Amino acid sequence: MFRRERSIPLRGSAAALCNNLSVLQQRNLTHFGVVHGPSAQLLSAAPEGVPLAQRQLHAKEGAGMYESDGSVMVYWHALDSGDASLVQAVFARGIAASGHFICVELLTPDTSHRHCHEPAQGQLLSAAEDTFVHIWKLSRSPESGYIEVEHCHGACVPDTQVCGARFCDPSGSSFAVTGYDLAEILRFSSM
Amino acid sequence: MSVRTLPLLFLNLGGEMLYILDQRLRAQNIPGDKARKVLNDIISTMFNRKFMEELFKPQELYSKKALRTVYDRLAHASIMRLNQASMDKLYDLMTMAFKYQVLLCPRPRDVLLVTFNHLDAIKGFIQDSPTILHQVDETFRQLTETYGGLSAGEFQMIRQTLLSFFQDLHIRVSIFLKDRVQNSNGRFVLPVSGPVPWGTEVPGLIRMFNRKGEEVRKAEFKHGGNYVAAPKEGSFELYGDRVLKLGTNMYSVNRPVETHMSGASKNLASQTQESIAPNPLAKEELNLLARLMGGMEIKKPSGPEPGFRLNLFTTDEEEEQAALTRPEELSYEVINIQATQDQQRNEELAQIMGEFEVMDQPRRITSKGDDLLAMMDEL
């Protein structure tokens, strides 16, 4: 079972894009990336969801490197977005850490799935526009050798069109959720 | 973002505008023939052939500023006048209604059914005018041609484009609050019960398949929602049962049109970005506006059909009060185009617009859009 934890306020609401949430756990800091519209937000939080720093990035396709608290952009590598007439949605596909820096990658979506996988526990987190977030357990049956799926937990985020959901730690004991038009990151942790 | 979104945005917002105007015309006891004339004039302008051609070209959505200006002109296409406060309220209601409809569409493709619901109702307003009826049917045909073959993914892109346009709008609407489809914080209620979208199964079953694609195991789980199977699919034909109620007229004489302004969004970040970012589409938007103005006959209020003012509020005092207390972040910046009084002036304007399309301008212009906007403001 999961319970709601303190939400993290965002300066701008989340856009209705697929997989609109990236999470990176770094020591005892958690970094989140959410696309608002013409901009993306990178924010860092301490344990218990206390917000530390928030930064707005201009959403362009490419990858950027920032100081680990998100304060300074050190480097930006733009990708050629190709045909200008095919304007597509960008989303924060990934956040990774490299030494003291955080890298944010903004790309166009090629899938409408919203799920996140924690290999250590075999857990899968899925979220959809019907307001529900589900946690599943993937395992391999010892007899047949087939992959099996078991439903562990479902949570309704009332009146929220969920557009991003990610585990916040390697054990899958906490996760974060964003919703269209919602100016906060919702957090859940297991009881 | 999808470049096929504008026709859907324009037609559905226009449809909501007509529902609201129809209700207010009846509530204000405007004589039947005058009311019919107003609706006929507006609908005829909306479905103008040249305007529709321009609308259906693949293009980005217009800015909120430009779109609001288009509806301002549309509402004044006849002998009816609206004060700024009433026009603001009208636009608030239109946008919140369509936002609600887009959000609650079971499938992304259902936004087309919502559009058809609006067009069906519009045809009801103009039953006695075969010419305008033909224009609307022509638009139906164009909608089917443009959208009939799109995939679910392309409709999802359209949906996301629309939701992006409506992001951060949380104006509270009385009729929505009463019907409990909107919460007091301005957010819409997303039901977790009822029929699933057509073509999907009721969730709650896990099916496992082997390498050969044969089902080997089934397991049930508690989804959390309370869904039932969809009874039937709505019709995408010219005539037919749309099944979906979204986009039908929710107003009637007994259900007045009201808004509360206090539930406005506190998020100013998005609004400021919209107004300070340079608009590369200003030229295209103004071309559309020029065509729209060119296609509209300016009604002289002192002629055989005297004009009248429609009030979206219950009293003049309420309207005045609304104008004074409208929150800053909700002010619509309308492109300042003076209503021209005669046809000749209109032609001059169209000519000026035409001249600006020629590329060989001697002086450096940083942005053609900005230049045209500045010119329009000076008129």
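In this predicted model, R309(B) comes out as partly exposed, at 32% relative accessibility. Its salt-bridge partner is E319(B), with N and O 2.9 Å apart. E319(B) itself is buried, with a relative accessible area of just 4%, under the 20% cut-off for that label. R309(B) sits in strand 8 (residues 308-310) of chain B and E319(B) in helix 12 (residues 316-325) of chain B, so the pair ties together parts that are 10 residues apart in sequence.

Other charged pairs turn up too, with 24 salt bridges found over all chains. Take R207(B) and E201(B), whose side chains meet at 3.0 Å, N to O. Here R207(B) is partly exposed at 35% relative accessible area, while E201(B) is exposed at 56%, a value over the 50% cut-off. Then there is D110(B), which bridges to R107(B) with the closest N and O atoms 2.8 Å apart; both of these residues are buried. Some charged side chains go beyond simple pairs: R68(B), D72(B), D88(B), D92(B) and R326(B) are linked in a network of salt bridges.

Turning to the nonpolar side of things, the largest core has 89 residues, and the members touching the most others are F10(B), I43(B), Y71(B) and F176(B). Helix 5 (residues 84-104) of chain B is the top contributor to this core, supplying 13 residues. For a look at one of those well-connected members, F176(B) touches M96(B), A97(B) and Y100(B), and also V181(B), Q182(B), F188(B) and M250(B), leaving aside residues up to four places away in sequence. A second core, separate from that one, has 14 residues, among them F2(A), V157(A), V162(A) and F167(A).

Chain A also offers a neat bit of strand pairing. Strand 2 (residues 22-26) of chain A is mostly covered, with 4 of its 5 residues buried. This strand runs antiparallel to strand 3 (residues 29-35) of chain A, and 5 bridges join the two. Within the pairing, S22(A) stands opposite G33(A) of strand 3. The two strands make a hairpin with 2 residues between them. One residue in that turn, R27(A), has a positive phi of about 50°.

Technical notes:
Residues are numbered from 1 along each chain as its sequence is written. Chains are lettered from A and ligands numbered from 1 in the order in which they are written. This is a predicted model: local features need pLDDT of at least 70, side-chain atom pairs count only at pLDDT 80 or more; totals for chains, interfaces and linings use all residues. Side-chain values use heavy atoms; hydrogens and water are left out. A salt bridge is a side-chain nitrogen of Lys or Arg within 4 Å of a carboxyl oxygen of Asp or Glu. Buried means under 20% relative accessible area, exposed over 50%, partly exposed in between (1.4 Å probe, protein chains only). A nonpolar core is a set of buried Ala, Val, Leu, Ile, Met, Phe, Trp, Tyr and Cys residues joined through side-chain atoms within 4.5 Å. Contact means heavy atoms within 4.5 Å. Two strands pair if DSSP finds at least two bridges between them.
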